[in-house]
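Here is a briefing on one protein model. It covers the nonpolar cores, a glutamate and the cysteines.

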Amino acid sequence: MADAPSVNPLHHQPAGLSDRVALGFTKLLRFCADTFFAKRYGHRAVVLETVAAVPGMVGATINHLKCLRRMCDDRGWIKTLMDEAENERMHLMTFIEVAKPTLFERFVIVAVQWVFYLFFFMLYLVSSKTAHRVVGYFEEEAVISYTHYLAEIDEGRSPNVPAPELAKRYWGLPETATLRDVVLVVRADEAHHRDVNHGYANELAGLPLEAVAPCPPHVGLEPMWKTAA
C-alpha cells in the first residue's frame, strides 16, 4: 500500500488568540505524551485514541441539542462528528490488539477520559470554533506521530507484525496486511479528521474552506437489529 501524499504534515497557521490557545494546549499535551511514552508508539496510540474519540461525540451531542432547540438543519455536522468518534474508537480497538495496555495505562485512560471529556464539553459550549481548532491541531500531531511510527517500523525498531483481524475487516485490508498497512490507513484517517475540523473552525470563523484529505474506505458498523433483520 503506497503512502498517500495527502497525509503529508500540514500545519494551520494560528490566526488570533483562540487559535494560539488551541495550538499551545495541543503542544502541552504533545510534550506530556512524548515524556510519558517516548517511542512506545503502540501504547501511545492506545491511550491517545481514547482521548481522540471524545471530541466527535461531544460535538455531535451539542450540535444535536442545538438543532433541536433552534429547529434547524445540522448541515451534516452531526453524522460527520459521530463517524469521526466511531472511527477513532476503531483505531483504539485495533491498537489494543497490537499493544496490550498495562493496568497502569488502563487507569490513565479512565482518568484522562473523564478530565478531557469535561474540559472539552465546556470548551465546546464556550467556543466551538476553538474546540474544532484544538481537534485540528490534535490531528496534525497524530499525523506526525504515526509518521514517526512508520519510520520505527521501516527501520526495524518496531516489529511489523501481522495486522489484527479487526483492522483487516474494518478497512478491507488483504489477508497479508501488516502493522505498517494499518498505520498507513490510520494516519490517513487522522489527516481527514485534521482537515474536517480545521474546516469547521474556519467556517465558524468566516474563513475560506480548504481541501480535505480523503478518508480511507472502511465498512460501516451495523447495529445488531439490522444483522438480525
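**Nonpolar cores**

The largest nonpolar core of this predicted model has 25 residues, and Phe95, Tyr146, Tyr149, Trp171 and Val183 have the most contacts inside it. At least two of its residues come from each of α2 (41-70), α3 (77-98), α4 (103-126), α5 (128-154), α6 (165-171) and α7 (179-205). The most come from α7, with 6 residues.

- A nonpolar core is a set of buried Ala, Val, Leu, Ile, Met, Phe, Trp, Tyr and Cys residues joined through side-chain atoms within 4.5 Å.
- Buried means under 20% relative accessible area, exposed over 50%, and partly exposed in between (1.4 Å probe, protein chains only).
- Helices are DSSP runs (H or I, at least four residues), numbered from the N terminus.
- Val183 touches Phe95, Tyr146, Tyr149, Leu150 and Ile153, leaving out residues up to four places away in sequence.
- A second, separate core has 21 residues, including Val51, Ile62, Trp77 and Val134.

**Glutamate 49**

- Glu49 sits in helix α2.
- Glu49 counts as buried because its relative accessibility is 3%.
- Beyond four places in sequence, Glu49 is in contact (heavy atoms within 4.5 Å) with Glu88, His91, Leu92, Tyr146, Val186 and Glu190.

**Cysteines**

- The structure holds 0 disulfides, a disulfide being a pair of cysteine sulfur atoms within 2.5 Å.
- The closest cysteine sulfur to that of Cys67 is in Cys72, at 4.1 Å, too far for a bond.
- Cys67 is buried, at 11% relative accessible area.
- Cys72 is partly exposed, at 39%.

**Basis**

- Residues are numbered from 1 along each chain as its sequence is written, and side-chain values use heavy atoms, without hydrogens and water.
- Local features need pLDDT of at least 70, and side-chain atom pairs count only at pLDDT 80 or more, while totals for chains, interfaces and linings use all residues.
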